[in-house]
Structure formats: C-alpha cells, structure tokens
Amino acid sequence: MNKQQKIESFDPSQPGLADATIFGLPFTAEESEIIIIPVPWEVTVSYGAGASEGPEAILEASFQVDLQHQEFPELWKLGMYYDEAPTHWKKNSDKYKSFAQPIIEALENGEIIENFPVLKADLDKINKVCAELHAEVKERVLHWMKKGKKVVLLGGDHSTPLGYYQALATIHDEYGILHLDAHMDLRIAYEGFTYSHASIMYNALQIPQISKIVQVGIRDFCEQEVQVAQSNKVVVHTDMDMKSETFEGKTWKQQCDDIIAALPQKVTVSFDIDGMYSWYCPNTGTPVPGGFSFEQATYLLSKLANSGKEIIGFDLVEVAPGENDDWDGNVGARMLYHMCGMLAKNNGMEVGNKIMFNKN
C-alpha cells in the first residue's frame, strides 16, 4: 500500500494506531515529510530529573491527540515519523548521570574538583561522552536532511540540541534561534560540564553561523549570563518586562511582532517547556514561577510561520513525565504537533485551511 492509499484508508477520527509511529500515523519514514529524532539524555541534570524519559512520554501521549487540528487540519497527511534513537544514548545517559551527581554534590559542598582525581577524571569522561553524543546527533540529523526530510529534535534536557544546531550550520550560512525558556542557558561550563543543559545557548553562540538569539519568557539568570547576553548578539525579553508591558496596555500581538522583527531571515525554534506556566508541565526539571500560556506560545509560533521568515527547524526539550499521570507528556505531544504544523506551513506544505466555526 502506497502513501496515498494509506491516506485514503486511514480514519483520523479514530484513536491512533498503537503499533504505528507517533500520533498513531500509518506512514513509514520514507513516506513522512517530518522526522522527529528523540534524544533521551540528561547527564548534567542539576535539579529535577526525568527529561530523558520525555520523548517516550510524548510518544505514548501522542496516540490520544486528535489529528483534526483547527489551524492545520490536514497536517497528519504529510506524515511525521518518530525515529529510533540508538540504544546507547539512554544507557550512556543513565551511566554518566550517576558519575555527575558526586561532582555536583562536591561543588555544592564548596569543594574544588581538581583536588579529587577520581571526580576530575569522571568530569573529563562526561565532557567527552557529551561531545560524542552531539557528533552522533549531528550525523543523524544530516542523514535525514540529505533525504529531503524536515528534521526536528525531541529532548531530553536542553543540552541535546547542540549537535542539531551544528547540523543546521553545515547547511545554512546564517540563522538565528528563537529561544522560549524560563532560563537564559548562557552559563559557561556550568558546574564544570562543558555541555551542561544550562550552557546550551552559550555553546550555540560559539557556532559562527548563529547570528542572533532572541529569548522569550526569561525569569531566572545569574550575573555571568547577563554579561554574556550583553556582550553578544542576544535579545532578551524577560517575563518581568513583558508582563509590565502588558499591564501598561501593550498587547501580546505587539510583543510578538517585536520578537519576530528582531530575528534574522532564517530561524530555528528552541522550546524549553519550562518557559510556560509551571502547571502545564509541573514535572519539568527546573520550574520557575511565572511564564506564558500554551495559547500565547502557539500564537507566537503561528505568527512566526506567517511572518515571511524561513523556519529551518525546531527542538522541544525538558518535558519530564510525572510518576502518577501523563499530563506532561500530553502537553508536550500537543505542543509538538502544533510545532510540526508551524514548520510544515512555513515551508509551503499543504496543511489545509483553518477551520472556522459559526459564532451565532
């Protein structure tokens, strides 16, 4: 059965197929326009854990997502395929995460790691294995891109997209990042880890092709991050500033216009789920009071899709499932679906016209 035959025989109103790919879709990787690469990784986690379980939680929750998206009603026909992560990614995450915890504990106790040869050796091993992960992610992303696929990354903690950005940099001479997050993630080798989740945007700035980072929702940062932001091409929209503007009459539409105007022509989106109000994903690793709503985020992403800027990819990270419910995975799956629609529409793929309902 070819793809068109699958489209004609598939009933999107029924529950997703449990033995199919993400969102219960019946398509193979070759038949799908969008490839989702899961990266179950959280070696340098410094507070709450669970991000390495995020991709699987989103996958499981995706089967309950209704495919008739109001804004992108025919998105499902394009095909979204959940790639299979190499088994050693999760194994290495678990292994080296256990090595990282004594290092973090020693630092919290005021110790100097260089005074402890075993801890210093473990730190070097962690930095090495993280670099290896990024190289492997880059290779996998380029593998699918060379086949003409749109490729997105699903973390894992926020360190995971670095190899993805490196892959984009081999194809695009210049691009920017729209960064939705509670944190700046501009720390330099946080806790000694070169590739810490708290250092992803600092490491991204080291990629010459990345010309600007525009941050939205920021409400937690340190002095070092402020210095990095002020001395680099980083535009910061803090939660405090944005809320103050709102209280004084500025609309979310106007704020989104300002955010988008600051971006270069080519853009990738990095969405840390903790950018939203914490009740959306309460089990994320480093929650912070404040934030933006699900609807504010999707509105911004849709405006970006229609702005004339070129969206070259996106990553969604830091979803961590709870012990007794799948709410975080549910929210993550629905945001992932919307972001796929954003990417598809922006790149001229047929996603259908927005469904309009009678108002009287």
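Two strands count as paired here if DSSP finds at least two bridges between them. Keep that in mind for the opening stop, and remember throughout that this is a predicted model.

**Stop 1: strand β1**

Select residues 34-39, which make up β1. Against its neighbour β3 (residues 150-155), β1 runs parallel, and six bridges link the two. To find the register, click Ile34 and look across to Lys150 in β3, its opposite number.

Now add residues 80-82, strand β2. This pairing with β1 is parallel as well, with three bridges. Here Ile36 is the residue to click: Tyr82 of β2 stands opposite.

Is β1 enclosed or open? Colour residues 34-39 by burial, taking buried as under 20% relative accessible area. Six of the six residues in β1 are buried, so the rest of the structure largely encloses the strand. Show the side chains and you can check each face in turn: Ile34, Ile36 and Pro38 are buried on one side, while Ile35, Ile37 and Val39 are buried on the other.

**Stop 2: helix α9**

Move on to residues 252-261, helix α9. Pick out Trp252, Gln255, Cys256, Ile259 and Ile260, the buried residues of this helix. Turn the view until you look down the axis of α9: those buried residues sit within an arc of 130 degrees, so they line one face of the helix.

What covers the buried residues of α9? Switch on β4 (175-180), β5 (210-218) and β6 (234-238), then α8 (239-247) and α10 (294-305); the cover includes these elements. Leave α10 showing for the next stop.

**Stop 3: the largest pocket**

Select His69, Glu71, Thr298, Ser302 and His338, which lie nearest the centre of the largest pocket. The space inside comes to about 430 Å³, and 17 residues form the lining. Which helix gives the most to that lining? It's α10, with six residues. Bring up α11 (327-346) too, since α10 and α11 each supply at least two lining residues. By type, the lining splits into seven charged, six polar and four nonpolar residues.

**Stop 4: the second largest pocket**

For the last selection, go to the second largest pocket, which holds about 260 Å³ of space. His183, Arg187, Ala198, Asp220 and Thr286 are the closest to its centre, out of 19 lining residues. Colour the lining of the second largest pocket by type and you'll get nine charged residues, five polar and five nonpolar.

Technical notes:
Residues numbered from 1 in each chain as written. Predicted model: local features only at pLDDT ≥ 70, side-chain atom pairs only at ≥ 80, totals over all residues. Heavy atoms only, no water. Buried < 20%, exposed > 50% of the residue type's maximum accessible area, 1.4 Å probe, protein only. Helix = DSSP H or I, 4+ residues; strand = E, 2+ residues; numbered from the N terminus. Arc of directions from axis to C-beta. Contact = heavy atoms within 4.5 Å. 1 Å grid on protein atoms, 1.4 Å probe; cavity = no way out; pocket = protein on both sides within 12 Å on 5 of 7 lines; lining within 4 Å. Points joined across faces, edges and corners; volume = space filled by probe spheres on them. Nonpolar A, V, L, I, M, F, W, Y, C, P; charged D, E, K, R; others polar.
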